[in-house]
Amino acid sequence: MRTFSIPYTDGGESRILCGCNAFEEIAKTSGRCMVFTDTNVRALYGDKIAACLPDAPVFAMQAGEEHKNESTLFALLSAMAAAQLHRGDTLVCLGGGVAGDVGGLASALYMRGIGCVQVPTTLLSQVDSSVGGKTAIDFHGVKNLVGVFKQPERVLVDGAFLKTLPAREIRCGLGEIVKHAALDGALFDTLLANRNSLFDCDFLTAVVPDNIAIKADVVQKDPKERGLRKCLNLGHTTAHAFELCDGKLSHGEYVLAGILFEAELAKAHIACDKAYLGELQDLARFALGGMPAMISAREAASYAKLDKKNTQAAKIALTVPAERGKFALLELPYEVYCGELIRIQEELS
């Protein structure tokens with residue numbers, strides 16, 4: 001088992017236990033607990049939840065990104081109030097990124113903050129969303145528009161959960177893994193050397209800790225995304241634009257597509273290693289299983305105007321790959337960005 005710590009500004013820390021037995025660790029949670037999950041995860045693990053926390057109330061949201069909204073958030077807060085949780089109690093968030101985001105936000109809001117334990121059950125949430133303390137709901141058509149930074153007390157990462165995932169959920173997690181590889185040369189080399197094992201659960205379980213180490217290091221240095229943490233947005237501006245406009249693919253699939261698009265933007269607009277970017281694109285394309293049919297870039301580009309990373313209304317802010325293990329911040333006028341997306345989509349198709 002590997003452990004990581006992310007310190008809080010108030011002197012506490014978030015402990016990440018990677019390779020643990022999640023349900024054994026959940027049972028060690030001190031004080032009263034409430035479990036927040038979704039209907040799919042409850043169907044799979046309801047008996048284990050009851051066995052490790054027999055007296056804990058359970059609230060299950062409807063599974064799916066479309067339910068990551070204010071209605072679900074306030075339904076959870078109502079359930080927490082009905083359970084009479086107090087400030088010393090803990091909300092255990094068991095599920096993928098949606099449950100983790102909504103539950104983390106609820107734990108930050110309820111009584112101005114109660115304890116939170118994240119138990120990520122998808123590859124995407126294990127390598128990304130459960131680590132770093134970002135919580136949010138989608139609001140007014142904008143992804144993660146309403147949220148706060150709320151570090152969990154513990155993150156319990158159990159590779160056994162990956163064995164229940166379909167191939168598409170694995171591909172969703174690979175989006176963030178390939179993104180991390182664009183930021184870390186050693187992980188990039190590992191993925192290139194094992195590209196035929198990208199959907200193998202044993203291989204993924206082995207590389208999950210490396211991904212967590214990359215993200216934990218960035219978060220520790222920049223917990224509130226004032227500088228370095230912007231690197232974790234690599235590929236995401238374009239990914240979120242297509243995701244909000246279309247929504248037919250998973251988040252990770254859009255991230256893989258976003259990496260393809262934004263590597264092309266890097267080739268055209270910054271000094272970069274084009275040979276390396278080609279290798280990165282090949283890796284993203286392999287994980288994606290080829291270039292999927294996507295909505296027109298012209299339609300998607302307009303959604304990039306809403307991206308919360310933009311600092312000016314007429315410009316689009318991007319984090320793009322540049323060289324092995326290095327990224328660059330790029331800002332393009334909207335008209336240029338839109339034209340480039342249209343050009344790149346035609347070339348990639």
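**Single residues, two helices and two cavities**

With a relative accessibility of 29%, E65 counts as partly exposed (the bracket for that class runs between buried, under 20% relative accessible area, and exposed, over 50%, using a 1.4 Å probe and protein chains only). The model is a predicted one, so local features need pLDDT of at least 70 and side-chain atom pairs count only at pLDDT 80 or more, while totals for chains, interfaces and linings use all residues. Residues are numbered from 1 along each chain as its sequence is written, and side-chain values use heavy atoms, with hydrogens and water left out.

Back to E65, then: this residue sits in the loop between β4 (58–61) and α3 (70–82). Such labels refer to DSSP runs, with helices (H or I) of at least four residues and strands (E) of at least two, numbered from the N terminus. Setting aside residues up to four places away in sequence, E65 touches V98, D138 and K143, where contact means heavy atoms within 4.5 Å. E65 and G97 are 32 residues apart along the chain, and their C-alpha atoms are separated by 8.9 Å.

Two residues turn up with backbone angles worth a look. Most residues other than glycine have a negative phi. M111, however, has a positive phi near 55°, and N144, not a glycine either, has a positive value of about 55°. Their settings can be taken in turn. M111 is found in the loop between α4 (97–109) and β6 (115–120), and its relative accessible area of 35% makes it partly exposed. N144 belongs to strand β8 and counts as buried, at 18% relative accessibility.

Next come the helices, beginning with α13 (residues 334–348). Its 15 residues, at 1.5 Å a residue, should span 21 Å, and the end C-alpha atoms are indeed 21 Å apart; the expected span is 1.5 Å times one less than the number of residues. Y334, Y337, C338, E340, L341, I344, Q345 and L348 are the buried residues of α13. They lie on the same side of α13, because they cover an arc of only 165° around the axis, the arc being that of the directions from the helix axis to the C-beta atoms. An α-helix has 3.6 residues a turn, so residues three or four places apart point the same way. E335, E346 and E347 are exposed on the other side of α13. The cover over the buried residues of α13 includes α9, α10 (251–269), α11 (274–288), α12, β10 (315–323) and β11 (326–333).

Helix α11 can be checked in the same manner. Its 15 residues should span 21 Å at 1.5 Å a residue, in agreement with end C-alpha atoms that lie 21 Å apart. Among its buried residues are Y276, L277, L280, Q281 and A284, and the elements covering the buried residues include α6 (167–183), α7 (185–193), α10 and β10.

Helix α10 contributes two residues to this picture. E264 lies in α10 and is buried at 15% relative accessibility. Apart from neighbours within four places in sequence, E264 is in contact with Q281, R343, I344 and E347. I259, also in helix α10, is buried with a relative accessible area of 0%. Its contacts, again leaving out neighbours within four places, are G175, V178, K179, L234, G235, L280 and A284. The C-alpha atoms of I259 and V320 are separated by 7.8 Å, with these positions 61 residues apart along the chain counted as their spacing.

That leaves the empty space inside. Two cavities of 30 Å³ or more are present. A cavity is a set of points, on a 1 Å grid over the protein atoms alone, where a 1.4 Å probe fits but cannot get out, and its lining residues have an atom within 4 Å of a point. Points are joined across faces, edges and corners, and a volume is the space filled by probe spheres set on them.

The largest cavity holds about 70 Å³ and is lined by V142, K143, H240, A241, L244, Y303, A304, L306, D307 and K308. β8 (142–149), α9 (236–245) and α12 (297–304) are the elements giving two or more residues to this lining, and α9 has the largest share, with three. By class, the lining of the largest cavity has six nonpolar, one polar and three charged residues (Ala, Val, Leu, Ile, Met, Phe, Trp, Tyr, Cys and Pro are nonpolar, Asp, Glu, Lys and Arg charged, and the others, Gly among them, polar).

The second largest cavity, of about 50 Å³, has a lining of one nonpolar, six polar and three charged residues. G100, D101, K134 and T135 are among its lining residues, and α4 and β7 (134–139) each supply at least two residues.

Note on methods
1 Å grid on protein atoms, 1.4 Å probe; cavity = no way out; pocket = protein on both sides within 12 Å on 5 of 7 lines; lining within 4 Å.
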